[in-house]
Amino acid sequence: RAATVMTEEDCEFAILSRRSYRRIVDSFEEKEHREKVRWLKLALPEIESEDGALPASHTYDALARYLHRKTYAAGSLLWAQHALASHMVIVTSGEVRLRTRAERQEDDGGRVSRTVGVVGER
């Protein structure tokens, strides 16, 4: 403890033991982990370890430990065409649009852009 705690008057407390707290946190962490494994199985249904030595369930489990949630606002740029991606994303809710820009230019000088796919929930 960083300080001594003493009551100044009669007090009533709601008490949660360290053991109970740990059980609660562990159950939330386990639920979150199972959800991450579910995302991976949907996104990468044919995964196995690089050398084939581990079954897919172990590979999903290992990858899930490194996943974290991040929310992007509508209109956010995740990465631009031809940019080196620094991470893989799995759309767990929402929708993203994949666009390509043609190398040719239109008569007005603008570049041609087309949607090549939409991923996520509609």
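## Exercises on a predicted two-helix, two-strand model

Let's start with a contact list: setting aside residues up to four places away in sequence, histidine 33 touches Asp61, Ala64 and Arg65, where a contact means heavy atoms within 4.5 Å. Some ground rules: residues are numbered from 1 along each chain as its sequence is written, and side-chain values use heavy atoms, with hydrogens and water left out. This is a predicted model, with local features needing pLDDT of at least 70, side-chain atom pairs counting only at pLDDT 80 or more, and totals for chains, interfaces and linings using all residues.

### Exercise 1: Fold and confidence

Work out in what order the elements run from the N terminus, and where confidence is lowest and highest.

Solution.
- Step 1. Count the elements: the protein has two helices and two strands. Both kinds are DSSP runs numbered from the N terminus, helices being H or I with at least four residues and strands being E with at least two.
- Step 2. Put them in order: from the N terminus on, the pattern is α-α-β-β.
- Step 3. Check the pLDDT, the predictor's confidence in each residue, from 0 to 100. The protein averages 81, and 75% of the residues score at least 70.
- Step 4. Split by element: α1 has the highest confidence, at 92, while strand β2 (residues 111-120) has the lowest, at a mean of 62.
- Step 5. Look at contacts along the chain: of those with a separation of 6 or more, 35% are between residues 24 or more positions apart.

### Exercise 2: The buried face of α2

Find which residues of helix α2 (residues 56-64) are buried, and what covers them.

Solution.
- Step 1. Fix the cut-offs: buried means under 20% relative accessible area, exposed over 50%, and partly exposed in between (1.4 Å probe, protein chains only). Of the protein's 122 residues, 11% count as buried.
- Step 2. Apply them to α2: Thr59, Tyr60 and Ala64 come out buried.
- Step 3. Look down the axis of α2: its buried residues fall within an arc of 130°, so they line one face of the helix. The arc is that of the directions from the helix axis to the C-beta atoms.
- Step 4. Find the cover: it includes α1 (18-43).
- Step 5. Zoom in on alanine 64, which counts as buried because its relative accessibility is 1%. Neighbours within four places in sequence aside, alanine 64 is in contact with His33, Lys36, Val37 and Leu40.
- Step 6. Go back to histidine 33, which sits in helix α1. Histidine 33 counts as buried because its relative accessibility is 12%.
- Step 7. Add two C-alpha distances. Alanine 64 and arginine 38 are 26 residues apart in sequence and 9.1 Å apart in space. For glutamate 32 and arginine 65, 33 residues apart along the chain, the separation is 9.8 Å.
- Step 8. Place glutamate 32: this residue is in helix α1 and is partly exposed, at 27% relative accessible area.

### Exercise 3: The largest pocket

Describe the space in the largest pocket and its lining by class.

Solution.
- Step 1. Define it: on a 1 Å grid over the protein atoms alone, a pocket is an open set of points where a 1.4 Å probe fits, with protein on both sides within 12 Å along at least five of seven lines; lining residues have an atom within 4 Å of a point.
- Step 2. Get the volume: the largest pocket holds about 1,500 Å³. Grid points are joined across faces, edges and corners, and the volume is the space filled by probe spheres set on the points.
- Step 3. List the lining: there are 36 residues, with Tyr72, Leu78, Val89, Val91 and Val96 nearest the centre.
- Step 4. Assign elements: α1, β1 (95-105) and β2 each supply at least two lining residues. β1 gives the largest share, seven residues.
- Step 5. Sort by class: 19 are nonpolar, 11 polar and six charged. Ala, Val, Leu, Ile, Met, Phe, Trp, Tyr, Cys and Pro count as nonpolar, Asp, Glu, Lys and Arg as charged, and the others, Gly among them, as polar.

### Exercise 4: An odd phi

What is the phi of histidine 82, and is this residue buried or exposed?

Solution.
- Step 1. Locate histidine 82: its place is in the loop between α2 and β1.
- Step 2. Read the angle: phi is positive, about 75°, although histidine 82 is not a glycine.
- Step 3. Recall the background: most residues other than glycine have a negative phi.
- Step 4. Check accessibility: histidine 82 is exposed, with a relative accessible area of 69%.
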